[in-house]
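Please look through the sequence and the model below before reading the notes that come after them. They are meant for a reader who is meeting this structure for the first time.

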Amino acid sequence: MAVTASSPTSALGRLSAFLYRHRALRLLLMLGLPLLWLVGLYGGSLLSLLVQSFFRLDSFSGTIDRTPTLTTWRDLFTSANMTVAGRTVTMAAAVTLFSIVLAFPLAYYITRYASRRVKALMVLGVLLPLWSSYLVRVYSWKLILAAEGIINWFLTRLGLDGALDAILRLPLVGGPSLSVSYLGQFIVFVYIWLPFMVLPIQTALERVPRSYLEASADLGARPGTTFRRVIWPLAIPGVAAGSIFTFSLTLGDYIIPTVIGDSSPFIGLVIYSQQGVAGNLPLAAAFAFVPIAIMAGYLTLARRLGAFEAL
Amino acid sequence: MKWRGIVLLAVIALITVACGTGADSGDDGGATLPTEIGEGEGQVNIVAWAGYIEEGAVDPNYDWVTQFETDTGCQVNVKTAGTSDEMVALMTGSSEFDLVTASGDASNRLISGGTVQEINTDLIEGWSTVDERLQNAPWHTVGGKHYGVPYQWGANVLMYNTEVFGATPPDSWSVVFAEQTLPDGETNKGRVQAYDGPIYVADAALFMGVQNPYALNDDQYKAALDLLREQRKLVGRYWHDAFIQIDDFTNEGVAASSSWPFQVNILQAGGAPIASVVPKEGATGWADTTMMHSKAPHPNCAYEWLNHSISAKLQGDLASWFGSVPAVPSSCQGNDLLTAEGCTINGLENFDKIKFWQTPTEDCSGAGGTCVPYYRWVTDYLAVIGGR
């Protein structure tokens, strides 16, 4: 007797068939919870913060006056705040560029030259700092960069402390010691975010077929030309993806400027201060729009360069 | 496509409405004063300055929490804050904390915002032992009602490195305000620090000789800001966290800074070449009061702690640890950790010389005239730190 496909009789089977027939319900069940998280918890809390920027802080009692107003937005566009934004964007850009310079050779070596075991060890090495606490790493760098710290000690032993003093006397980036200067902040930022730059570049480089490089050499290209014409264009998506990490993370960071540097405010620090110190949540919320706007522009640019193709 | 947009807009509108009319702080609900301390709730959450509430973690001799926890069954949870503004933000932002050790520049804000509740002083056994100058102090007594129990008081001292100053210790705040060559032959540029709380504008005003540094008219305020902008070029880093400052004095070669006796004590205990002084211009200071949140989740344990906070042993131990002066003068005697001269060393006689922190208000604290209110201090001081 032929076995026909009859309706299943088990409960689970019936449920499965029901869901198969009702596509909308199936989607709702599958996406419901994640969407609730994303839109409700994440998007909702972000939105409730940004809505605060249309309120105003009562000057004495420190409570928020919830009548919609634009006075907080007017307080946002002062030269002091624009300086803060400019300072943060400059630092983020510098960190991103230098991270690319450091990460690219490293990623290239991991992809092209490392044997399988060495490759695994190197990727592990790049990821290892991420296993320890962020604060521990930042405070350790404060000690390393200090005037009495190990870098100073080492350079003195080598007789190079004159060079260090000359660097610290540079007008903008120098300071009394490495730990109290933009240069020190820059070093710590690059260190902290480097893993986030190495890995996307390495992923992108993995996808460059070896045959392309050989073909390029066969056609008479020198290594420099091969790099410029073949490798770099193919690696750009990875570089853009990594730069999104380093740029946005530097833009919003408020812990490193607190511990390292000369207390000059960065965007994250101003938002933190305005909310925590001044209780001025409306101004903090208005200021939060600044990195959002900057990142929106940056992401559009990155999308043009193909950063999201690597996903 | 149309549906997605509509659903998204609906969600956004819903959330905006929900938080626009969201939970408001401050509504007291017309609570009446408790007449007795009931059963403990098992824990008490306190917002405090670093070093104010110790349970022997740093030095086992300094522990005034463990015995309290055993006696009352109330677990003490401490949240440290670096500035008064942080404390105000923590207390107004949630009703998670029961108590706060508020300085005078936070206490009035908390009272007028309805964030703290009136204390029934009949329930505080040792109330009569509290220093009479503090019992009805304006920063915690408003309209005859007491809003807290005094805890400690002290000055913002000038802490300096004795190796830099050698035989000529500093006697003026000019070492942190004016560029000069220090006794060790090097400039003070990059080797001094300043407090990163906006209340520090009062220290600049004090250095300029203003009588009440918390009631500044526009001219005095502008002059103070100019002084602070000059100071910005000398300051290496603005200090916010006591322990980061301790690290800076140890590892960064900082020569002088305003500080609390707490950091001085810890550095000296570690053998560092540090000393402190109250300069000839005087000093700003703080007189802290433990206040209770108007919606404290553990009111009975809070009252237990309030009673414990003015017990003689705690007051003496804390004064010895922090370098402050107890709110209960009798605790100066008979404490081994504090020793007989402890209170004098910590500045017992300086009470009248100290300009205690208070919140600058537009009405010059009731003295008449127009003064610059605190929210402008905040914005302008943050700008000064930013180099503007």
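The report below takes up the domains of the two chains and then turns to a sheet in chain B.

## Domains of chain A

This is a predicted model, and the description that follows should be read with that in mind. In chain A there are two assigned domains, of which domain 1 covers residues 13-41 and domain 2 covers residues 71-310. When the centres of domain 1 of chain A and domain 2 of chain A are taken over their C-alpha atoms, they lie 40 Å apart.

## Domains of chain B

Chain B is likewise divided into domains, and here each is assembled from separate segments: domain 1 takes in 43-154 together with 286-352, while domain 2 takes in 157-259 together with 359-385. The C-alpha centres of domain 1 of chain B and domain 2 of chain B are separated by 26 Å.

Where these two domains of chain B meet, nine residues of domain 1 are in contact with six residues of domain 2. On the side of domain 1 of chain B that touches domain 2 of chain B, helices α3 (84-93) and α4 (104-112) of chain B each supply at least two residues, and α4(B) gives the most, with three residues. Sorted by class, that side of domain 1 of chain B consists of one nonpolar, five polar and three charged residues.

## The five-stranded sheet of chain B

Chain B also contains an open sheet of five strands, which follow one another in the order β9-β8-β10-β7-β11 and pair in a mixed fashion. Its edges are formed by β9 (235-239) and β11 (274-277) of chain B, each of which pairs on one side only. From one strand to the next, the twist averages 30°.

## Pairing at the two edges

At one edge, strand β8 of chain B, made of residues 192-195, pairs with β9(B) in the parallel sense over four bridges. Within this pairing, B:Gln193 has B:Arg237 in β9(B) as its bridge partner. Although β9(B) is an edge strand of the sheet, five of its five residues are buried, so β9(B) is largely enclosed by the rest of the structure.

At the other edge, strand β7 of chain B, which spans residues 157-161, is joined to β11(B) by four bridges, and these two strands run antiparallel. Here B:Tyr160 stands opposite B:Ala275, a residue of β11(B). The mixed pairing of the sheet can thus be followed in the parallel pair β8(B) and β9(B) and in the antiparallel pair β7(B) and β11(B).

Note on methods: Residues numbered from 1 in each chain as written. Chains lettered and ligands numbered in written order. Predicted model: local features only at pLDDT ≥ 70, side-chain atom pairs only at ≥ 80, totals over all residues. Domains from an automatic or database assignment. Pairing = 2+ DSSP bridges. Axes fitted to C-alpha atoms, helices over the stretch in contact; angles between N-to-C directions. Contact = placed C-beta atoms within 7 Å. Nonpolar A, V, L, I, M, F, W, Y, C, P; charged D, E, K, R; others polar. Buried ≥ 20, exposed ≤ 12 C-beta atoms within 10 Å, placed from the backbone.
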